[in-house]
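Let's take a walk through this structure together, one neighbourhood at a time. Please keep the view open as you read.

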Protein chains: 2
Amino acid sequence: MPGSRRVYAECPAHGLRVPFREILLHPSANEPNLAVYDASGPYTDAAASIDIKAGLARPREAWVRARRDVEDYAGRAVKPEDNGYVSPASLVTPFPVRHRPLRAKAGRAVTQMAYARAGIITPEMEYVAIRENGLRERMGALIRDGEDFGASIPDIVTPEFVRDEVARGRAVIPANINHGELEPMAIGRNFLVKINANIGNSAVTSSVADEVDKMVWAIRWGADTVMDLSTGRNIHNIRDWIVRNSPVPIGTVPIYQALEKVGGIAEDLTWEVFRDTLIEQAEQGVDYFTIHAGVRLAHVPLTANRVTGIVSRGGSIMAKWCLAHHRESFLYERFEDICAIMREYDVTFSLGDGLRPGSIADANDAAQFAELETLGELTRIAWQHDCQVIIEGPGHVPMHKIKANMDKQLAICGEAPFYTLGPLTTDIAPGYDHITSGIGAAMIGWFGTAMLCYVTPKEHLGLPNRDDVKTGVITYKIAAHAADLAKGHPLARAWDDALSRARFEFRWQDQFNLALDPETATAFHDETLPKEAHKVAHFCSMCGPKFCSMKISQEISADMREAARQADIARQAEIAQQQGMDQMAERFRAGGGQIYRAAE
Amino acid sequence: MPGSRRVYAECPAHGLRVPFREILLHPSANEPNLAVYDASGPYTDAAASIDIKAGLARPREAWVRARRDVEDYAGRAVKPEDNGYVSPASLVTPFPVRHRPLRAKAGRAVTQMAYARAGIITPEMEYVAIRENGLRERMGALIRDGEDFGASIPDIVTPEFVRDEVARGRAVIPANINHGELEPMAIGRNFLVKINANIGNSAVTSSVADEVDKMVWAIRWGADTVMDLSTGRNIHNIRDWIVRNSPVPIGTVPIYQALEKVGGIAEDLTWEVFRDTLIEQAEQGVDYFTIHAGVRLAHVPLTANRVTGIVSRGGSIMAKWCLAHHRESFLYERFEDICAIMREYDVTFSLGDGLRPGSIADANDAAQFAELETLGELTRIAWQHDCQVIIEGPGHVPMHKIKANMDKQLAICGEAPFYTLGPLTTDIAPGYDHITSGIGAAMIGWFGTAMLCYVTPKEHLGLPNRDDVKTGVITYKIAAHAADLAKGHPLARAWDDALSRARFEFRWQDQFNLALDPETATAFHDETLPKEAHKVAHFCSMCGPKFCSMKISQEISADMREAARQADIARQAEIAQQQGMDQMAERFRAGGGQIYRAAE
């Protein structure tokens, strides 16, 4: 990032190096540089050498092995169906390095929740505690001013606080023991609001290079986790490339690959195929799985009168399966078997909302809330198995129905982290659904959602390209930060205030560097005022020099400001009306007609 | 607009033709075309001939003259300072046609409020009543489902309802008697939420052709009013070109031109210069004036500890004037003299928020609310003079502080329409402030704001170009519509539902045409699936054919759907567990494995 440098908070005792992005301010700012947490990985570290064929370094493997509750093993052999029976000519090159997979020793749960409940503070918990604190020892007093609707955001995040949140299921650290490249990320209502970016090829378009590039690109702009939603061929191999190069948690929807394995025929899905797919992906190191176990046979008829039926891919697949067999969903019936796999690798459940509304008309309907009740039931079961759980949420919801989603989710799912897609607050703007949904995302984030799944401008229309990914990520960083601000997160205000001070003091370069997207801010400014001199100008092209309110504000001298404050002369003058006014005015004019002190 | 045609609701008795945009649906939709109100003027009427040198037709002049309470007169001669003493070589050509200005006969108030209070329903009121009803006689039953926080939105807008709202000051129809080209627009909490687009040259850049083009462009995409914020030279002449070609209300900030007239020296402003400017612009036909009469001398010290001081241009000018002279603002002291001018032409007050917060840090502070109290006091005075009033609002406000703004404004200003700039919900995203502010705009619109002033991506960075204007307008149409939906406006849901039905039934062309921006929606779709055949395909490039949830949903046959609904067999099956299940499943398979009926 222009105007930023990578710094690390070191914790040698635990072998941790937690990256931050330090935004460099001009010396005239007379304040410390601003540090923000940085999930972009080694890609933005000038000192790091990157070789995507080797993958990232795997410092976390040592943390996992040090716990002595895992074993490596041969692992599952890659099968032709894993890559969709792709022809040898079209096969994506397998990732060049193969790490023997790890799994829990028999009977052990190797989840962060299990450790947390046992009172153990893991390096992963230490790591996220440092990350969540944002180098605050450098910052001055922090302003907490917000409405958090009953959240419990601490002033300082201690490792013990993280442990407690994970133990009670109020936060997760998606961290598959086979994702040695991972820089752990906390997701929970009492931490900074996180965002997810979806990538993935489809049967219609995209390649492996595109997808790895999109992952790196998404985290560069601020994605905290990435979901690989690939559905075409080669998905096993593409996934390997992504996980081995990803410092952020990777999520998938295993039912997509399972469906590929049975030739796209939903009715042909079986528990055995699905189970095999879970193990395949768990061995690869996927950190969280979307599992649509809440779509029960009895729920499907509730969607019959909907305007847009079932819009979740996983949900529609399972609905079709249930009806075709007239049986309860095997995901529901086998849920405890799934838990047994999840705890063996510490894959976090992302309980999918297969019946989420796909239109304003269908928001908050019986189908949606019936599924949510089931997700609550499944959460309790997963927790019994020490599995970490997040709950997926809608979708399309008008503003007045958003809060009910949050309130119900908290009550029904025991405060397990909520993870929503938007929601979109209107259906009428395809091409701008990053915005229709950014509105809903900011609001539901404020109300307590822990992670916001981005929506790009291409939603409903096509597969996002690089520009769309960036726009989606920036929009969701805005929503997440607006939510943190409104919740009164102690770190949030400092960023806004630093930027606003830069703005008021015409430190243009600082303003650009502090922006979520310095490149765009700079380019927009330079479109009308391209010269370097204009980067120190006390005006911009919007108002020009004469009409700049900030310039006028600045012209108001410090003397007057001080005098006004101390003597409150303005009020006195008002009381005294015209009496003695000419004298006062004269004094002011003698001071140069300035009201505040000029910046420099 | 592609896929739309212009239609008119005729009211021959009053000589009214109210334009609508009829969005054409495919016959397979089996539902009526959707009509939406259309403020884009004759520019989008294929039958209209446009000559910007002649200006638009002036049907409204007859309505005004028919009231027999106005007189035409010679009008004020254009002075060199009106165009900023521009040299003859740089002078923008004066608008070729000069209409003799109208003013009220001595002692008469010619405002919509005066008529409303006298029990008179004007053609302007008839017009907006038709416009607000959106040809609803064509539509089926309308769904009202929202939270309106105490608004009084009627099922049908009658002219009498409009009259009553205007009489009590809860709505305005900005309609200068000299704006004969105007298609009247209602602004009030109980009408559809409106949006304003700002245009205008500055000392740094822009030309007259650009500005007229921007106005036409802004209304094409949905701006309901346009403010001309020009500050450079030629502003008198540019304004003439804009007003004579504008079907929507035009607003200005007269203090900008007054300041030009005194060479940009705030201290040199006088009541006489300002008064002369008001008359100059009132004669031109400007429909509403932003007047920063709420910035009182005593308020200025309240801004001393702010992070961003005073960010309103008008506010900073007046603050400087007050301090330089150590006198109460002449706008405040002369407020009744201003009212006397406003009522003579029916220029609506837009009481400016000169002390609005320019950063999250300054939101809802003492300066802001002190000014709001003054605006409430001035509202009551203006109403005593039968003047129409809207109240401007912030600015930069984090989400948790937005509702307090609305609640205070309603209480303090007697429900006069609120007109806010955003608010921006965070400061950290210059380059994306249409989004940071679109979030706040949607929320405050829901809470009761009547008109939302757009913010473009260039905010804080530069002057918006055509693309920025469009992006700003579309973003604010989203915010306004999301607000209407959440308020439960009876017209809002029909649009979302029509688009969602098109989406579910794979009527791609209908989906594009129903979008706020059909061009972008089409272009995004065609980026990955350009062929015409793909516009009838039952999938898109996001998921591909096999994974399209809507396709799967549609495959579920109508027979099953009906059976499921009637017998609730799914629930029965669940209760009966496996008993008789194979038979049920068989029956379903015999039906072709479909769950819903296929679309076509």
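Is B:W217 buried or exposed? B:W217 has a relative accessibility of 12%, so this tryptophan counts as buried, given that the limit for that label is under 20%. Please bear in mind that you are looking at a predicted model.

Stay with that residue for a moment, and bring B:W221 into view as well. B:W221 is also buried, with a relative accessible area of 3%. The two tryptophans both belong to helix α5 of chain B, which covers residues 208–221. They are 4 residues apart there, which means that about one helical turn separates them. How should we describe the way their rings meet? A pair of aromatic rings is described by the distance of the centres and the angle of the planes. Over all chains, the count of aromatic pairs comes to 26. For B:W217 and B:W221, the ring centres are 5.6 Å apart and the planes stand at 85°, so this pair is edge-to-face; the label applies to planes over 60 degrees apart.

Now move along chain B to a pair of tyrosines. The rings of B:Y288 and B:Y419 have centres 6.2 Å apart and planes at 85°, so they too make an edge-to-face pair. B:Y288 lies in strand β11 (residues 288–291) and B:Y419 in strand β14 (residues 418–421), so their pairing ties together parts of chain B that are 131 residues apart in sequence. Both B:Y288 and B:Y419 are buried.

Rings turn up in other settings too. In chain A, one aromatic cluster is formed by A:W271, A:F274, A:W321 and A:F330. Elsewhere, a ring has a charge for company: the charged end of A:R103 sits over the ring of A:Y73, 3.8 Å from its centre. In chain B, B:K403 lies over the face of B:F447, at 5.8 Å from the ring centre.

Next, turn to two histidines of chain A. An unreviewed UniProt entry annotates A:H396 and A:H460 as "binding site". They are spread over 65 residues of sequence, yet they cluster in space, with a largest C-alpha distance of 12.2 Å. A:H396 is in the loop between β13 (389–393) and α13 (402–412) of chain A, while A:H460 is in the loop between β15 (451–453) and α15 (466–487) of chain A. A:H396 has a relative accessible area of 5%, so it is buried; A:H460, at 14%, is buried as well. Their side chains are joined by a polar contact of 3.4 Å. Among the other residues that A:H396 touches are A:P357, A:D427 and, from the other chain, B:R503.

The loop holding A:H460 leads on to α15 of chain A, a good place to finish. At the start of α15(A), a side-chain oxygen of A:N465 reaches to within 3.0 Å of the backbone nitrogen of A:D467. The helix has 22 residues and reaches 31 Å from its first C-alpha to its last, close to the 32 Å expected. Why can we call α15(A) largely enclosed by the rest of the structure? The reason is that 19 of its 22 residues are buried. Just after α15(A), A:G488 takes a positive phi of about 80°.

Conventions: Residues numbered from 1 in each chain as written. Chains lettered and ligands numbered in written order. Predicted model: local features only at pLDDT ≥ 70, side-chain atom pairs only at ≥ 80, totals over all residues. Heavy atoms only, no water. Phe/Tyr/Trp six-rings, centres within 6.5 Å; stacked < 30°, edge-to-face > 60°. Buried < 20%, exposed > 50% of the residue type's maximum accessible area, 1.4 Å probe, protein only. Lys NZ or Arg CZ within 6 Å of the ring centre and 35° of its normal. UniProt positions renumbered as here; feature names shortened; annotations may be inferred. Contact = heavy atoms within 4.5 Å. Polar contact = N/O pair within 3.5 Å; in protein donor to acceptor, adjacent residues only side chain to side chain. Expected span 1.5 Å × (residues − 1). Lists of a residue's contacts leave out its neighbours within four places in sequence.
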